[in-house]
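This briefing walks through one protein chain, from its overall form down to a few single residues. Keep the structure in view while reading.

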Amino acid sequence: MATTNDLKNGMVLDLDGQLWSVVWFQHHKPGKGGAVVRTKLKAVLSGKVVDKTFNADVKVEVANVDKRDMTYLYNDGSSFVFMDKSTYEQTHIEPDVVGDATHFLLENQDAIVAVHNDLPLYVELPASVELLVEYTEPGLQGDRSSAGTKPAKLETGYTIQVPLFLTTGEKVKVDTRTGDYLGRVTS
């Protein structure tokens with residue numbers, strides 16, 4: 001148990017049997033009446049975001065979410081298999097739990113898996129990953145007023161927009177949160 005005054009970003013709350021992650025919070029003291037805490041909460045399982053206002057000093061249930069360091073091993077067709085780095089135990093995780101992380105997962109890649117009561121909640125990847133451009137059309141320099149982009153298929157099968165100067169076989173850095181091209185990787 002914690003009070004609404006103890007809320008922090010990233011904290012997971014158990015409200016009415018559902019898990020909610022605190023995205024944003026603000027203590028607010030209006031001119032008249034008691035202080036309140038405004039929050040933006042994201043449902044851990046569905047991803048739905050809601051605004052909720054609590055009175056100050058109200059007790060809320062904090063969920064015990066264990067974030068474990070794991071390594072992605074392979075996709076067996078129906079689920080993704082991860083191995084816990086500390087216990088070497090393998091865990092099968094459904095594709096809907098992995099979510100958009102599937103676009104950037106390579107075998108033997110490190111990830112953080114959030115677990116609550118032995119149930120995987122979500123998979124967290126590093127902020128950016130380096131992936132190989134599997135195929136992209138040759139870029140044509142031509143008449144345009146600004147820098148152009150073209151689609152490029154990555155080694156995971158995901159397609160992103162990249163600058164025209166990139167060619168097939170180059171490594172690029174990709175933001176895992178937005179799927180945006182961040183830059184070329186030089187080795």
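The chain has a radius of gyration of 21 Å, whereas a compact globule of 187 residues would have one near 16 Å. The model is a predicted one. Its C-alpha atoms fill a box of roughly 65 × 50 × 25 Å along the principal axes.

**The chain as a whole**

- The secondary structure consists of 16 strands and one helix.
- Of the 187 residues in the chain, 35% are buried.
- The accessible surface amounts to about 11300 Å², and carbon and sulfur atoms account for 48% of that surface.
- Taking contacts between residues at least 6 apart in sequence, 42% link residues that are at least 24 apart.
- There are 26 negative and 19 positive side chains, and the centres of these two sets are 10 Å apart.

**The annotated domain**

- An unreviewed UniProt entry gives residues 67–121 the feature "domain: Translation elongation factor P/YeiP central".
- Strand makes up 53% of residues 67–121 and helix 7%.
- The C-alpha atoms at the two ends of this span are 10 Å apart.

**The loop between β10 and β11**

- N117 sits in the loop that runs from β10 (109–116) to β11 (119–124), and D118 belongs to the loop between β10 and β11 as well.
- Most residues other than glycine have a negative phi.
- N117 has a positive phi, near 55 degrees, and the phi of D118 is also positive, near 60 degrees.
- Is N117 buried or exposed? N117 is exposed, because its relative accessible area is 67% and the cut-off for exposed is over 50%.
- D118 also has a relative accessible area of 67%, so D118 counts as exposed.

**P120, in strand β11**

- P120 is part of strand β11.
- The relative accessible area of P120 is 15%, so P120 counts as buried, the cut-off being under 20%.
- Which residues does P120 touch, not counting those up to four places away in sequence? They are T91, I93, V97, V113, A114 and V115.
- P120 and L7 are 113 residues apart along the chain, and 23 Å separates their C-alpha atoms.

**L106, in the loop before β10**

- L106 lies in the loop between α1 (95–98) and β10.
- L106 has a relative accessibility of 25% and therefore counts as partly exposed.
- Setting aside neighbours within four places in sequence, L106 makes contact with Y72, E130, L131, E155 and T156.
- One of these contacts, E130, is 24 residues from L106 in sequence, with a C-alpha to C-alpha distance of 10.0 Å.

**S78, in the loop between β7 and β8**

- S78 is located in the loop between β7 (66–75) and β8 (80–84).
- Apart from neighbours within four places in sequence, S78 has contacts with E94 and P95.
- How far apart in space are S78 and V133, C-alpha to C-alpha? The distance is 26 Å, and the two residues are 55 apart in sequence.

Methods. Residues are numbered from 1 along each chain as its sequence is written. This is a predicted model: local features need pLDDT of at least 70, side-chain atom pairs count only at pLDDT 80 or more; totals for chains, interfaces and linings use all residues. Side-chain values use heavy atoms; hydrogens and water are left out. Helices (H or I, at least four residues) and strands (E, at least two) are DSSP runs, numbered from the N terminus. The radius of gyration is taken over C-alpha atoms; the globule rule is 2.2 Å times the number of residues to the power 0.38. Buried means under 20% relative accessible area, exposed over 50%, partly exposed in between (1.4 Å probe, protein chains only). Contact means heavy atoms within 4.5 Å. Accessible areas come from the Shrake-Rupley method with a 1.4 Å probe; for residues, only the protein chains shown count as cover. Lys and Arg count as positive and Asp and Glu as negative; His and the chain ends are not counted. The place of a charge is taken as NZ of Lys, CZ of Arg, CG of Asp or CD of Glu. UniProt positions are given in the numbering used here, feature names are shortened, and annotations may be inferred rather than shown by experiment.
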